[in-house]
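Here is a walk through a few spots worth a look on screen. Keep the sequence and the 3D view side by side while you read.

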Amino acid sequence: MEENIPQDDSVHAAVTVSGLYENWFLDYASYVILERAVPAVEDGLKPVQRRILHAMKEMDDGRFHKVANIIGQTMQYHPHGDAAIGDALVNLGQKDLLIDCQGNWGDYRTGDSAAAPRYIEARLSKFALEVLFNPKTTKWQLSYDGRKKEPITLPVKFPLLLAQGVEGIAVGLSTKILPHNFIELIQASIAYLKNKPFELYPDFLTGGYVDVSQYQDGQKGGKVRVRAKIEEVDKKTLVIRDIPFGTTTQGLIDSVLKASDSGKIKIKKIIDNTAADVEIQVQLAPGISPDVTIDALYAFTDCEMSISPSACVIVDNKPRFCSVSDILKINTNQSRDLLKQELEIKLNELQEDWHMSSLEKIFIENRIYRDIEECETWESVIETIDQGLNPFKPLLRRTVTREDILKLTEIKIKRISKYDAFKADEYLRGLETEIEETKHHLAHINDFTIRYYENLLKKYGKGRERKTEIRVFDVIKANQVAVANQKLYINRAEGFAGFGLKKDEYVCDCSDLDDIIVFRKDGKFLVTKISEKAFVGKDILHAGVFRKSDDRMAYNMMYVDGKSAFTYAKRFQVTGITRDKEYDLTKGEKNSRVVHFSANPNSESEIVTVYLNQLANARKKVFDYDFAELAIKGRSSQGNKVTQYSVKRVLLKSKGKSTIGKRELFLDESVGRLNHDSRGRSLGLFDSDDRLLVVYKDGQYELVNTDLTQRFPQEQISTIVQFKSDLVITTVHYIPSQKFFYLKRFKIETSTEGKKFSFVSDEKGAQMLLATTADESSIQVVLGNKKSSQSKTFVLHELTDVKGWKAQGTRLMPNEVLSWEWLYQNFNHQHSDANENLVEDDGGHGTISDDDLLVEPGQTIELTLPERGTAEDPGEQMSLFD
């Protein structure tokens with residue numbers, strides 16, 4: 001079918017595509033950046049959010065409105081569909097700041113969507129009405145169709161952008177500003193107005209933990225790590241209480257199941273019990289460590305997420321990248337300017353009111369209205385009134401205009417007849433007081449702004465405390481916490497290694513994230529990523545999982561040099577290597593061969609028997625060689641010469657002990673983890689079989705090994721020390737049935753590792769006041785009530801002997817304890833230099849708290865005491881722990 005193409009001059013001239021692209025695409029990009037994705041720095045709102053709030057203000061009558069009606073009202077200003085407006089409205093409502101919600105608005109924690117707009121209702125919050133709107137200071141523009149006026153930006157007197165956070169993707173750029181805490185933002189604004197330093201860190205409604213060490217003030221290139229809050233209920237159960245920002249409970253559960261299916265973690269079951277609070281129960285498979293599983297959840301699932309902020313906002317109609325501190329300063333300066341504008345407007349209105357009230361007083365009290373009775377024209381009326389006011393014009397604060405006189409002519413006779421001069425004077429004095437007050441505020445606008453913020457904090461700060469706990473996260477290495485979901489096999493003769501060689505020799509369990517190290521008979525070794533099957537070289541002597549950071553592993557080796565035929569022995573470690581690169585452990589001569597090799601996880605030495613060839617000229621053809629005589633060196637050392645004669649074979653005679661001695665162990669209390677890297681407090685020097693004593697704040701103790709994968713949450717633990725058989729724990733605990741505190745001193749009599757033992761009463765309400773491992777200690781206690789008190793000193797180590805850990809102890813004092821403090825502690829039993837920092841010469845002090853009664857030496861505890869009975873009625877006194 002032929003096309004009907006006109007052949008006359010109506011055909012337009014051709015336009016190049018490149019020109020169209022250049023102009024139209026830039027217009028489109030500018031529109032998306034300025035009108036859709038990136039918020040304005042003035043009010044922190046995208047256009048759709050601003051139009052929603054403006055529409056709700058127009059509808060506001062104090063009652064809830066159907067969301068469907070709000071969407072319809074907003075469509076007068078927003079040239080897009082109702083779905084986009086509804087989603088933006090729900091998003092605003094879920095942030096629980098500007099909008100009061102009624103009905104099912106969904107749940108940001110679970111990802112559940114809100115009910116249909118016709119079923120849910122909303123209204124502006126009191127905070128929004130106070131902070132967002134003032135038509136007198138608002139700049140207006142016409143709506144998209146020219147029928148309505150809408151605000152260019154709202155006159156927000158609060159750092160709203162930082163409180164709510166925002167995320168948007170435009171053409172060629174994106175923005176991601178994390179939400180911050182309401183109270184901390186106001187405090188930071190006040191600090192800025194007082195020229196004091198301040199710091200801002202994100203706070204999320206989902207709670208959890210956040211590591212802000214790389215936040216970089218929210219600028220592009222920074223990042224924060226967020227973690228779920230995971231609690232160990234028992235050895236078989238973990239509970240996730242809070243989820244990280246940016247995920248949902250269902251998304252987190254899916255990530256856990258995916259990690260379980262891939263073999264990275266081993267769990268039996270995961271149950272979602274989320275209701276008012278998040279609660280996801282993770283049941284562990286038999287024999288799986290809870291501490292390692294917690295690390296694995298952070299390493300392989302959405303229990304830990306990394307967020308990269310990028311603060312981009314619209315400033316002067318252009319996108320600009322800046323820091324959150326810059327945004328806060330801009331918002332605070334704007335709040336001060338808006339408050340100044342409001343005061344200037346108020347001052348002008350007060351002065352105008354005073355002027356007209358004064359004119360009215362002069363007009364009525366001096367009966368100027370009678371002078372116009374003889375006037376025949378309107379102009380003569382105006383002129384007569386003006387002449388009547390002439391004697392009083394010097395008393396006024398501005399000139400009298402024609403409009404002022406016209407207003408006087410509009411006063412009704414009824415009002416003149418009921419005029420009360422006394423009330424008029426009182427009203428004028430009140431106006432003068434307000435004028436002076438307003439002038440004072442304008443002269444001290446900085447102080448006025450600070451009081452404004454303090455008032456906001458007082459009115460709206462309750463219940464808006466920080467939800468996300470700031471912590472420093474430890475670095476979890478995935479290959480160290482991955483479950484051993486594979487088995488390593490080798491074929492020594494053919495030179496293959498991997499987890500797919502199930503018919504060949506089994507070596508050890510491993511994970512699919514591990515590297516393996518392989519040593520061969522020719523004296524060469526390599527490190528490679530584990531796979532199903534890989535060629536690593538024939539004549540394999542040893543293969544195992546390679547741990548790069550393991551500085552305890554040492555290899556003992558004896559080899560024959562291919563050129564001189566001399567035999568050498570060496571001890572070495574393998575640390576820094578390049579994966580898949582072969583390294584030679586001999587002198588590099590052709591035909592060199594290894595005659596003895598062993599891997600020693602704790603750097604053990606060994607004694608071997610060397611058999612020489614029967615044809616050798618040596619008088620002694622069999623002799624022992626002790627590797628303990630060799631120092632551990634690098635892999636490139638050639639070793640010490642053992643013999644110049646030909647060696648027939650070498651056999652192991654006996655295993656020796658570790659030759660590198662004890663290692664110093666440290667506790668990094670900021671993350672609750674053990675390490676050998678000098679991070680945190682030194683716990684002493686440890687052998688491989690030494691143990692730690694952990695004393696918990698609930699009055700339990702536990703003996704544990706020094707495995708670095710363990711977690712020690714500081715909110716649960718009082719102290720951790722190196723366990724010694726002569727260690728004595730001194731504790732003061734409360735027994736509710738006796739209404740007395742008891743003192744007891746005991747040694748650890750149990751030997752079971754990894755099991756907790758309670759050394760306080762098992763009665764309900766039993767609590768711990770203090771516990772220490774000091775040999776000698778004394779405390780000062782204030783006894784009594786709020787009306788009368790007395791101080792008493794107790795030398796604890798002199799008041800009772802060392803007894804069994806199940807003993808009740810010696811009665812010490814009644815429960816009328818107001819406060820206590822250490823006077824002296826001496827840790828003679830801790831001989832290690834690393835533990836001398838535990839000694840407290842001047843002691844600490846504290847008061848008793850129902851939530852935190854077991855304290856470390858020198859720890860301070862605050863207490864809000866319960867109300868006690870009066871002196872007239874001592875029988876009504878309340879027990880501290882009732």
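A residue counts as buried when its relative accessible area is under 20%, as exposed when that area is over 50%, and as partly exposed in between. With that cut-off, Cys312 is buried, because its relative accessible area is 0%.

Before going further, remember that this is a predicted model. The mean pLDDT of the protein is 84, and 90% of its residues reach 70 or more. Two stretches deserve some caution. Over residues 1-11 pLDDT stays under 50, and the model has one contact there beyond four places in sequence. Residues 831-882 also stay under 50 in pLDDT, but for them the model has 126 contacts beyond four places in sequence.

**Cysteines**

How many disulfides does a search of the whole structure find? The count is zero. Take Cys312 again: the closest cysteine sulfur is in Cys322, 7.8 Å from the sulfur of Cys312, and that is too far for a bond. A disulfide would need the two sulfur atoms within 2.5 Å. Cys101, for its part, counts as partly exposed, at 34% relative accessibility.

**A strand covered on both faces**

Now find strand E9, residues 224-227. In a regular strand, side chains alternate between the two faces of the sheet. Are the residues on the two sides of E9 buried or exposed? Val224 and Val226 on one side are buried, and so are Arg225 and Arg227 on the other, leaving both faces of E9 covered.

E9 has strand partners as well. Strand E8 (residues 209-211) pairs with E9 in the antiparallel sense over three bridges, and Val210 has Val226 of E9 as its bridge partner. Strand E14 (residues 304-307) also runs antiparallel to E9, joined to E9 by four bridges. There, Val224 stands opposite Ile307 in E14.

**Helix H8**

Next, look at helix H8, residues 249-261. Its 13 residues should span 18 Å at 1.5 Å a residue, and the end C-alpha atoms are 18 Å apart, so the two agree. The buried residues in H8 are Thr249, Leu252, Ile253, Ser255, Val256 and Ala259. They cover an arc of only 160 degrees around the axis, which means they sit on the same side of H8.

What do the buried residues of H8 pack against? Their neighbours are strand E11 (237-242), strand E12 (267-272), strand E13 (280-284) and helix H9 (290-300). Turn the view to the face of H8 away from its buried side, and you'll find the exposed residues Lys258 and Asp261. Just after H8 comes Gly263, with a positive phi of about 85 degrees.

**Positive phi outside glycine**

Asn317 has a positive phi despite being a residue other than glycine, and Ser603 likewise has a positive phi although it is not a glycine. Here are their values and places:

| Residue | Phi | Loop between | Relative accessibility |
|---|---|---|---|
| Asn317 | near 65 degrees | strand E15 (312-315) and strand E16 (318-321) | 58% |
| Ser603 | about 60 degrees | strand E28 (593-600) and strand E29 (604-612) | 0% |

Which of the classes, buried or exposed, does Asn317 fall into? Asn317 counts as exposed, because its relative accessibility is 58%. Ser603 is buried, because its relative accessible area is 0%.

How values were computed:
Residues are numbered from 1 along each chain as its sequence is written. This is a predicted model: local features need pLDDT of at least 70, side-chain atom pairs count only at pLDDT 80 or more; totals for chains, interfaces and linings use all residues. Side-chain values use heavy atoms; hydrogens and water are left out. pLDDT is the predictor's confidence in each residue, from 0 to 100. Contact means heavy atoms within 4.5 Å. Buried means under 20% relative accessible area, exposed over 50%, partly exposed in between (1.4 Å probe, protein chains only). Two strands pair if DSSP finds at least two bridges between them. The expected span of a helix is 1.5 Å times one less than its number of residues. The arc is that of the directions from the helix axis to the C-beta atoms.
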